[in-house]
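The following exercises concern the packing of helices and the arrangement of strands. Please study the sequence and the structure before reading each solution.

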Amino acid sequence: MPLRVLIVRHGETIGNTKKLIQGQSNGPETWLNEVGRKQAALCRDGLQSVSINLAFSSDLKRAAQTAEIILEPHHKVPLELVEALREGHMGEIQGLVYHPDLYNPYPPSAETVDSMKARVKSYWESSIVPLAQRPDTADVTVLLVSHAGVLSALLIAFQDLGYPFPGGWPEDTHDLNSRIPHMLNTSITTVEVQADGTGEIVRFADVSHMK
C-alpha cells in the first residue's frame, strides 16, 4: 500500500478577508478568524473516519491552528512544526493589500517561486518520500498543513517529479499566482507515494467537506 499524504491549506484568516499579502507574517491578523476555525472544524469532521498516523505543519500560527483542530479526534498523534513548510517571504510587499501590479515586476526582496519550490521539494524528498520506503510507515496516512503559495510551489515540484495530475496538468501550472485561487482554505489534496519514490496526485483541492 502507498503512503497517503493529505495536504491541507490553512483556514481563513483576518488577513485573507482583507486581501493582505501575508507571507511569513505571524501576527494576530494572520491567525484564523471565526470562519477559518469553522472551516478547520469541517475539515476535521470530514477526516474524522480517516486514521491519521503522522502530522506536519508549517510553524506559522494559522497553519498550526488548522492542524490542531483537524487532529482533535486524533489526540495521540503529535504535530511536528516545520519551518520548511512556511509560506514564502514576500519582502517589501508583505503585509500590503494584494494588487496584481505589486507582482509586476516581481519584488526583488521577495522569495522567488524557484526558491520556494526548491525548499519544499527538498523537504518532500528528504522527509516525506522516505516514509513510503520504511516498512513501519509505508502504509500510513500523513497530514500536512501549509499555505497556498508554498503548496502551489509544491505542485510545480510534483510536476517536475512526474507525478500525474487528475485530468492532466494545466498549461499554466508554472504560473504560481494562477494556482493560488484554485486552492481554497482547508481544501484537501491527496497524494499517494510508492516505495520506489514515484507518486500520484489522486485528488486535488477537494472541498466537499465544506458542503
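**Exercise 1: two packed helices**

Helices H2 and H3 cross in a right-handed manner (right-handed if the near helix is turned clockwise from the far one by less than a right angle, left-handed if anticlockwise). The model is predicted: local features need pLDDT of at least 70, side-chain atom pairs count only at pLDDT 80 or more, and totals for chains, interfaces and linings use all residues. Residues are numbered from 1 along each chain as its sequence is written, and side-chain values use heavy atoms, with hydrogens and water left out.

Task: State which residues make the contact of H2 with H3, and give their classes.

Step 1. On the side of H2, the contact is made by Arg 37, Ala 40, Ala 41, Cys 43 and Arg 44; H3 contributes Thr 66, Ile 69 and Ile 70. Contact means heavy atoms within 4.5 Å.

Step 2. Sorted by class, these are five nonpolar, one polar and two charged residues. Here Ala, Val, Leu, Ile, Met, Phe, Trp, Tyr, Cys and Pro count as nonpolar, Asp, Glu, Lys and Arg as charged, and the others, Gly among them, as polar.

**Exercise 2: the sheet**

Task: Determine the order of the six strands and name the edge strands.

Step 1. The order in the open sheet is S3-S2-S4-S1-S5-S6, with mixed pairing. Strands are DSSP runs (E, at least two residues), numbered from the N terminus, and two of them pair if DSSP finds at least two bridges between them.

Step 2. Strand S3 (79-82) and strand S6 (199-206) each pair on one side only, as edge strands.

Step 3. Inside the sheet, S2 (residues 54-58) and S4 (residues 141-146) are joined by four bridges in the parallel sense. Ala 55 faces Leu 143 of S4.
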